[in-house]
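Colleague: I would like a close look at a single buried position and the packing around it. Please start there and work outward.

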Amino acid sequence: MTTRWTAVRVLRDRTAGRCLTAVVVSGFGTSALWLASGVWVKDLTGSDGLAALCMLAMWAPTLAGPLLGTLADRHRRRPLLVALSLFMAVLLLTLCAVDGPGELWLLYAVLFVYGAAGTVHDAAESALVAGAVDRSLLGDFNGLRMTADEGMKLLAPLAGAGLYTAYGGPGVAVLDAASFLAAALVYLSLRVREERPAQAREGGRSATAEGVRHLWADAGLRPLVLAGGVTMLCAGVSGALTYAVVEDLGHSPAYAGVLYAVQGAGSVTVGLLSGPALRRLGARRFAAYGISLLAVAVALRAVPYDPAAWACAAAIGVGLPAALIAVLTGVQQRTPGPLLGRVTATAGTLVHTPNVIGLAAGAVLVELLGHRAQLVALGVVLGVTAAVLLGQSPASADRTAARSASDASPA
């Protein structure tokens, strides 16, 4: 009852509800394009490698997260979000000109800019939400955002595939452009007061380094972000072993889709529960418990038994997002507003880059070592990570300062 009530509080909060609406709308188009771009290149060229480059083009700009996040601190966040959304809506329409292998450079260029704009967008949105939403609702908002993201990953690819079949890649590009236009309108409707950022006294490199220094110097954030990075590294290796796990179960590769769906259901669940859990546990313990659950689930994936595989998929869906939600909420709660954009982007780079490294490492190791031994080893590493995080001395700042009335008097 408390969980449902706090979720309703987020949706009834004008700023939080509209920001969440913008996330859902733009996320639908992004998820649709994520699937369609690779299929589009595969159809045009027949090359799996060129199709895989689509994801690389979208992901590569996140490596410059600390620098790109600085842009979110140099401008007022709401106008920046509106401008970015309108810019992407126009840019995506240029993909209507792609009708053969000769225009693939345009697709890759748009996807690269898409990734860079997305990094700035996420940093600006996080800063806007942290400044405009009640601090007691930040965990709920981030949890509901995770729920919305996972829901889009389940629904949007199906819509994108259907639209691609009917109208080709340009049809999906138009859908994504429309989703950005709708998001821009939602951001325009926000009524938030933002002070004009103070003029930077330092150059771009120094301003970027300031965000990195804050993240590293904060005794609460540093172990949280490092644990998030280790967790995503292990998750990447584990993800690369999925098809080996499916084969060990005696199923065709398509069975991986079933496990991903079960994992998505777990992610939706933890998104709804994260707000109350963060208020009771604090970001550090919430992340540690999530990583502990993930450790057990990853290790037990080595058991070739269908019910165990389903249970592990659901547990991974709960444990992994818990760590990510805790990192984002911790950054929002412990970072001054003027630094929030670059600190958010820096944390995103440190947490998500290891995931890609893990995927690459797992793709190599699966050919050299048995997947069962790797899964058990990953479980041990994750268990140690959780233990180290739990062993950190508790800090009062780790908890949400403001508590909702529902915590004092549960419904």
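Modeller: Thr-385 counts as buried because its relative accessibility is 12% (buried is under 20% relative accessible area, exposed over 50%, partly exposed in between, with a 1.4 Å probe on protein chains only). The model is predicted, so local features need pLDDT of at least 70 and side-chain atom pairs pLDDT 80 or more, while totals for chains, interfaces and linings use all residues. Residues are numbered from 1 along each chain as its sequence is written, and side-chain values use heavy atoms, without hydrogens or water.

Thr-385 sits in helix H14 (helices are DSSP runs of H or I of at least four residues, strands are E runs of at least two, numbered from the N terminus). Leaving aside residues up to four places away in sequence, Thr-385 is in contact with Ala-227, Val-230, Thr-231 and Ile-291 (contact is heavy atoms within 4.5 Å). Of these, Ile-291 belongs to helix H11 and is part of the contact of H11 with H14, as is Thr-385 itself.

H11 covers residues 255-300 and H14 covers residues 371-391; their axes come within 8 Å and cross at roughly 165° (axes are lines fitted to C-alpha atoms, for helices over the stretch in contact, with angles from 0 to 180 degrees between N-to-C directions). The crossing angle makes H11 roughly antiparallel to H14 (under 35 degrees is roughly parallel, over 145 roughly antiparallel, 65 to 115 roughly perpendicular, the rest oblique). On the H11 side, the residues that meet H14 are Arg-284, Arg-285, Ala-287, Ala-288, Tyr-289, Ile-291, Ser-292, Leu-294, Ala-295, Val-298 and Ala-299. On the H14 side they are Leu-375, Val-376, Leu-378, Gly-379, Leu-382, Gly-383, Thr-385, Ala-386, Leu-389 and Leu-390. By class, the residues of this contact are 15 nonpolar, four polar and two charged (Ala, Val, Leu, Ile, Met, Phe, Trp, Tyr, Cys and Pro are nonpolar, Asp, Glu, Lys and Arg charged, the others, Gly among them, polar).

A second helix pair is formed by H9 (221-240) and H13 (residues 340-368). The axes of H9 and H13 come within 6 Å and cross at roughly 25°. That angle makes H9 roughly parallel to H13. Among the H9 residues that meet H13 are Val-225, Gly-228, Gly-229, Met-232 and Gly-236. Their partners in H13 include Ala-347, Leu-350, His-352, Pro-354, Asn-355 and Gly-362. The contact of H9 with H13 holds 13 nonpolar and eight polar residues, and no charged ones.

Ala-219 lies in the loop between helix H8 (204-217) and helix H9. With a relative accessible area of 51%, Ala-219 is exposed. Its C-alpha atom is 9.5 Å from that of Gln-392, although the two residues are 173 residues apart along the chain.

Away from these pairs, helix H4 (residues 65-74) is largely enclosed by the rest of the structure, because seven of its 10 residues are buried. Those buried in H4 are Gly-65, Pro-66, Leu-68, Gly-69, Thr-70, Ala-72 and Asp-73. Two cysteines have contrasting settings: Cys-19 is buried at 0% relative accessible area, whereas Cys-96 is partly exposed at 40%.

For the protein chain overall, there are 15 helices and zero strands. Buried residues are 52% of its 411 residues. Of the contacts with a separation of 6 or more, 86% join residues 24 or more positions apart.
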